[in-house]
Structures are given as C-alpha cells and as structure tokens.
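Please look through this protein structure one step at a time. Have the sequence and the 3D view ready.

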Amino acid sequence: MKRPVRMTNGLRTVIDRMYNREDANVETIAAALGTTQQTIYRELRRGRTDEVRNGRFVYDPKKGETVAAEAQLRKGCKLREDDGRVNNGRGRSKVFEDEAV
C-alpha cells in the first residue's frame, strides 16, 4: 500500500506537465509521484476546467489549489455565534453559557 501524499503546488505542476503537455495517463502519473491512481483522479477532478484538449478536460493546477483550500476551510466544526458553540481544536465543540457576575 502506498503512503498518503499531501498535494503541494510542486506536485500539481508535475501533474499539469504530465497530463496536459505530455498526455500521460493516470497510471503513469501516479507511478511517477509515488501515490495511488485515486489520488491523481481526485486532483484532476479538483482542477478540471471546461476546456477540452485531445479529447479530455484540461487540468488547471491553480484551480486545484483553490478548490482544495476552500475544502480545507469547510472542514471541521463550524463556529456559531447564535448558540454559543466554540471550536475546541479537536473537531468537537463545546457550548459556553454566560456566567452571571
């Protein structure tokens, strides 16, 4: 089993070069980066544009980075001011009530 890889801008650039310019397939890209094909498919989905070249959608690494960053912001407990929930940093939230002084 291959180890998980965190997508960086450098890896996205390699995917862009291999997929868009060299017309490499997903299996070749995954082998070159030392990751699974599913990781490459997910990243290609994140950076997919409406432009079609050589019968497949063009991958944009900047769009892939933006979509991944937006997903990271949505991850975890949400801060809600209306009910007093506060994220405690471990994915759980606690409800704090105002203390009477």
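What follows is a short walk through a predicted model, from the overall layout to single residues.

Begin with the whole chain. The protein has 101 residues, and 24% of them count as buried. Its secondary structure comes to four helices and four strands. In what order do these elements run from the N terminus on? The order is α-α-α-β-β-α-β-β. Keep that string in mind while you turn the model.

Now go to the pair of strands in the middle of that string. β1 covers residues 48–53 and pairs with β2 in the antiparallel sense. The pairing runs over three bridges. Two of the contacts across the strands can be named. Val52 has Phe57 in β2 as its bridge partner. Arg53 stands opposite Arg56, which also belongs to β2. Together, β1 and β2 form a hairpin, with two residues between them.

Look at the turn itself. Asn54 lies there, in the loop between β1 and β2. Its phi is positive, at about 55°, although Asn54 is not a glycine. Why does that deserve a second look? Most residues other than glycine have a negative phi. Is Asn54 buried or exposed? Asn54 counts as exposed, because its relative accessibility is 57% and the cut-off for exposed is over 50%.

A second residue has a backbone angle of this kind. Asp23 sits in the loop between α1 and α2, the helix of residues 26–33. Phi of Asp23 is near 55°, again a positive value in a residue other than glycine. The relative accessibility of Asp23 is 41%, so this residue counts as partly exposed. The partly exposed class lies between the 20% and 50% limits.

Asp23 and Asn54 meet again at the next stop, a cavity. How many cavities of 30 Å³ or more does the structure hold? It holds one. The volume of this largest cavity is about 50 Å³. Its lining consists of Tyr19, Asn20, Asp23, Arg53, Asn54, Arg56, Phe57 and Val58. So both residues with the positive phi named above, Asp23 and Asn54, are part of the lining.

Which elements supply the lining? Helix α1, residues 9–21, and strand β2, residues 56–59, each give at least two residues. The largest share comes from β2, with three residues. Sorted by class, the lining has three nonpolar, two polar and three charged residues.

Two lining residues also face each other in another way. Arg56 lies over the face of Tyr19, at 3.9 Å from the ring centre. Phe57, another residue of the lining, has a charge over its ring as well. The charged end of Arg48 sits there, 3.6 Å from the centre of the ring. What about rings paired with rings? A search of the whole structure finds zero aromatic pairs.

Finish with two contacts between residues that are separated along the chain. Gly10 is in helix α1. Gly10 and Pro61 are 51 residues apart along the chain, and their C-alpha atoms are separated by 9.5 Å. Gly10 counts as partly exposed because its relative accessibility is 45%.

The other case involves Val67, in helix α4, which spans residues 61–74. Val67 and Arg46 are 21 residues apart in sequence. How far apart are they in space, C-alpha to C-alpha? The distance is 6.0 Å. Val67 has a relative accessible area of 29%, so Val67 is partly exposed.

Now go back to the hairpin and trace it once more. Start in β1 at Val52, across from Phe57. Pass Arg53, opposite Arg56. Round the turn at Asn54. From there, find the cavity, where Arg53, Asn54, Arg56 and Phe57 are among the lining residues.

Conventions. Residues are numbered from 1 along each chain as its sequence is written. This is a predicted model: local features need pLDDT of at least 70, side-chain atom pairs count only at pLDDT 80 or more; totals for chains, interfaces and linings use all residues. Side-chain values use heavy atoms; hydrogens and water are left out. On a 1 Å grid over the protein atoms alone, a cavity is a set of points where a 1.4 Å probe fits but cannot get out, and a pocket is an open set with protein on both sides within 12 Å along at least five of seven lines; lining residues have an atom within 4 Å of a point. Grid points are joined across faces, edges and corners, and a volume is the space filled by probe spheres set on the points. Ala, Val, Leu, Ile, Met, Phe, Trp, Tyr, Cys and Pro count as nonpolar, Asp, Glu, Lys and Arg as charged, and the others, Gly among them, as polar. Rings of Phe, Tyr and Trp (its six-membered ring) pair if their centres lie within 6.5 Å; planes under 30 degrees apart count as stacked, over 60 as edge-to-face and the rest as tilted. A charge sits over a ring if NZ of Lys or CZ of Arg is within 6 Å of the ring centre and within 35 degrees of the ring normal. Two strands pair if DSSP finds at least two bridges between them. Buried means under 20% relative accessible area, exposed over 50%, partly exposed in between (1.4 Å probe, protein chains only).
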